[in-house]
Amino acid sequence: MSAAEHYLSDFRQGFYNFAMRGRHLDAYSAYKRVASKDHINAFDREESSGLVNAKGIGNPSWRRSLPHMLVATLSSFLFGYHLGVVNETLDSISMDLGFSGNPLAKGLVVSTCLGAAFFGSIFSGWILDGVGHRRAFQLCALPMIIGASMSATTKSLWGMLLGRIFVGTGMGIGPPVAAIYVSEISPAFVRGTFGSFTQIATCLGLMGSLFIGLPAKDIVGWWRVCFWVSTVPAAVLAVCMEFCAESPQWLFKRGRGTEAEAEFEKLLGAAHVKFAIAELSKSDRGDELEAVKFSELFYGRHFKMVFIGSTIFALQQLSGINAVFYFSSTVFKSFGVPSDLANICVGIANLSGSVVAMILMDKLGRKVLLLGSFSGMAVAMGLQVIGASSYASGSGALSLSVGGMLLFVLMFSLGAGPVPSLLLSEILPGRIRAKAMSVCMAVHWVINFFVGLLFLPLLEQIGPIVLYTIFATFCLLAVIFVKRNVVETKGKSLQEIEIALIPPQ
């Protein structure tokens, strides 16, 4: 048996324990090592009550944590905005800055941002553990303000590239910090719903950059306005974080229990503070204050969660979703559909699916949405394969190709888009959560980069039929992987999940 299979086997064994224990039993005494797949499936079907917690009082009001969550999702809005801000403005930028005939320079304007995001994501875990969530958000906003201002005022390509590096650094820090913060401040019964807001905010950011960039082709210098606009939500994020709650889990890990209680009262209400602190104490293994070594993420009892999280992110990108986002306008243009209309259609499909996912996340659960999403993406890629083949022509090819692409985006936004970051923030133990999330996000950025880099060359060399078939195959592999290795977490507190997954040493 390989090391990876051994760890995944232990992962399933640990969750048997979570499935069988009663809500009022002590979690540690309930731990048993049983490797029955039937029991794992039984856990996946378990319905959490979502009505009364273990202390016999009702759920805390979600309204208390809502404002804090909404402020945090500004980082996701900025992430989406800066991903799309150069789509409509790149031609204008290249003309004004004197590199309109240089495709390499145009590519650098896009790729430098992605490269900087990779490095930002790597260091996000250490930043978060070191200064906390509120300061991490502010450190995410600061380079975005600096970079956007530099891009808006630059007179040269090098000034633009330097600005994009600053912006990309902030983009890399934001997503893992937002996912962890939202999961740690949200009541368990709405954590999936709140977690979905980050995906919705990203969609709104993308669509916002599209609409704001539309006049760039007609108004000279409008692209500078597009960059200036982004400084406003970044400044709002930095200022409002001064008034938001710090993560109680982060404070508790650092021995600041009194402050953690105060933040719990702000987020959940006074009646829930003692129970929340008791839950944190259950998962306290006495090693919270010890520095997490990078090597701990790749061996021992933590490896299985890091492996599962990284694999889900890898399969998400290998499904071809960002190739669709980056090059959808090219496909639409080949059928005579204007790029503006294409981007709007893709944006609406993405936003619609994200809203539906938000509604269903705490009803159907994470695993069901992932399975349905990747399955639907495989079907959608199949439609595009048929549309690109000789079996379809004319209007039939148009319908299958365009319809398949929009269906692909819709199915992605139902699960494969919002679930991975939420699921990781739930299954990763508190002690390693920030650093492990940064590693998994780094995997995401690396594969994102190579998919974007190789998509067009592969499309020319092997053709759309073979390439789309490869993407569909990865979607089906994702279905198998999720079915075998992902377990349901809806309605469970982060402490319950951690105790079940990580056996005491």
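This report walks through a predicted model, from its overall make-up to a few side-chain pairs, one buried glutamine and a nonpolar patch.

## The overall picture

Let's start with the whole chain. The protein has 21 helices and zero strands. It counts 505 residues, and 58% of them are buried. The accessible surface comes to about 20,000 Å², and carbon and sulfur atoms account for 67% of that area. Contacts reach far along the sequence: among those between residues at least 6 apart, 83% join residues at least 24 apart.

## Aromatic pairs

The structure holds nine aromatic pairs. In one of them, the ring centres of phenylalanine 194 and phenylalanine 197 are 6.4 Å apart and the planes stand at 85°, so this pair is edge-to-face. Both residues belong to helix 9, which covers residues 191–213, and they sit three residues apart, about one turn of the helix. Their surroundings can be read from the accessible areas. Phenylalanine 194 is buried, because its relative accessible area of 3% falls under the 20% cut-off. Phenylalanine 197 has 23% relative accessibility and counts as partly exposed.

Another pair is made by phenylalanine 307 and phenylalanine 481. Their ring centres are 6.3 Å apart with the planes at 65°, so this pair is edge-to-face as well. Phenylalanine 307 lies in helix 14 (residues 303–318) and phenylalanine 481 in helix 20, so the pair ties together parts that are 174 residues apart in sequence. Phenylalanine 307 is partly exposed at 25% relative accessibility, while phenylalanine 481 is buried at 12%. Phe303 joins these two, and Phe303, Phe307 and Phe481 form one aromatic cluster.

## A buried glutamine in helix 14

Helix 14 also holds glutamine 316. Is glutamine 316 buried or exposed? Glutamine 316 is buried, with a relative accessible area of 4%. Which residues does glutamine 316 touch, leaving aside its neighbours within four places in sequence? Its contacts are Ile321, Phe374, Phe412, Ala416, Gly417, Pro420 and His444. One of these, proline 420, is 104 residues away along the chain, yet the C-alpha atoms of the two residues are separated by 8.4 Å. The side chain of glutamine 316 also makes a polar contact of 2.9 Å with the side chain of glutamine 317.

## Salt bridges

Side chains of opposite charge can pair when their charged atoms come close. A search of the whole structure finds ten salt bridges, and the table gives three examples.

| Salt bridge | N to O distance |
|---|---|
| Lysine 106 and aspartate 91 | 3.5 Å |
| Glutamate 259 and arginine 256 | 2.9 Å |
| Lysine 266 and glutamate 263 | 3.3 Å |

What does the salt bridge of lysine 106 and aspartate 91 tie together? Lysine 106 lies in helix 6 (residues 103–131) and aspartate 91 in helix 5 (residues 90–97), so the pair ties together parts that are 15 residues apart in sequence. Lysine 106 is partly exposed, with a relative accessible area of 21%, and aspartate 91 is partly exposed too, at 48%.

In the salt bridge of glutamate 259 and arginine 256, glutamate 259 is partly exposed at 39% relative accessibility, and arginine 256 is partly exposed at 32%.

The partners lysine 266 and glutamate 263 are both in helix 12 (residues 257–268), three residues apart, which means that about one helical turn separates them. Lysine 266 is partly exposed, with a relative accessible area of 35%, whereas glutamate 263 counts as buried at 12%. Elsewhere, salt bridges that share partners join Arg191, Asp362, Arg366 and Glu426 into one network.

## A nonpolar patch on the surface

Our last stop is on the outside of the protein. A nonpolar surface patch of about 760 Å² is made by Val446, Phe449, Phe450, Leu453, Leu454, Leu458, Ile462, Ile465, Val466 and Ile470. Where does one of its members, phenylalanine 450, sit? Phenylalanine 450 is in helix 20, which covers residues 433–485. Phenylalanine 450 counts as partly exposed because its relative accessibility is 44%. Helix 20 also carries phenylalanine 481, the buried ring described above.

Notes:
Residues are numbered from 1 along each chain as its sequence is written. This is a predicted model: local features need pLDDT of at least 70, side-chain atom pairs count only at pLDDT 80 or more; totals for chains, interfaces and linings use all residues. Side-chain values use heavy atoms; hydrogens and water are left out. Patches are made of residues with over 30% relative accessible area and no salt bridge: like charges are joined within 9 Å, nonpolar side chains (Val, Leu, Ile, Met, Phe, Trp, Tyr) within 5 Å. Accessible areas come from the Shrake-Rupley method with a 1.4 Å probe; for residues, only the protein chains shown count as cover. A salt bridge is a side-chain nitrogen of Lys or Arg within 4 Å of a carboxyl oxygen of Asp or Glu. Helices (H or I, at least four residues) and strands (E, at least two) are DSSP runs, numbered from the N terminus. Buried means under 20% relative accessible area, exposed over 50%, partly exposed in between (1.4 Å probe, protein chains only). Rings of Phe, Tyr and Trp (its six-membered ring) pair if their centres lie within 6.5 Å; planes under 30 degrees apart count as stacked, over 60 as edge-to-face and the rest as tilted. Contact means heavy atoms within 4.5 Å. A polar contact is a pair of N or O atoms within 3.5 Å; within protein, one must be able to donate a hydrogen and the other to accept it, and residues adjacent in sequence count only if both atoms are side-chain atoms.
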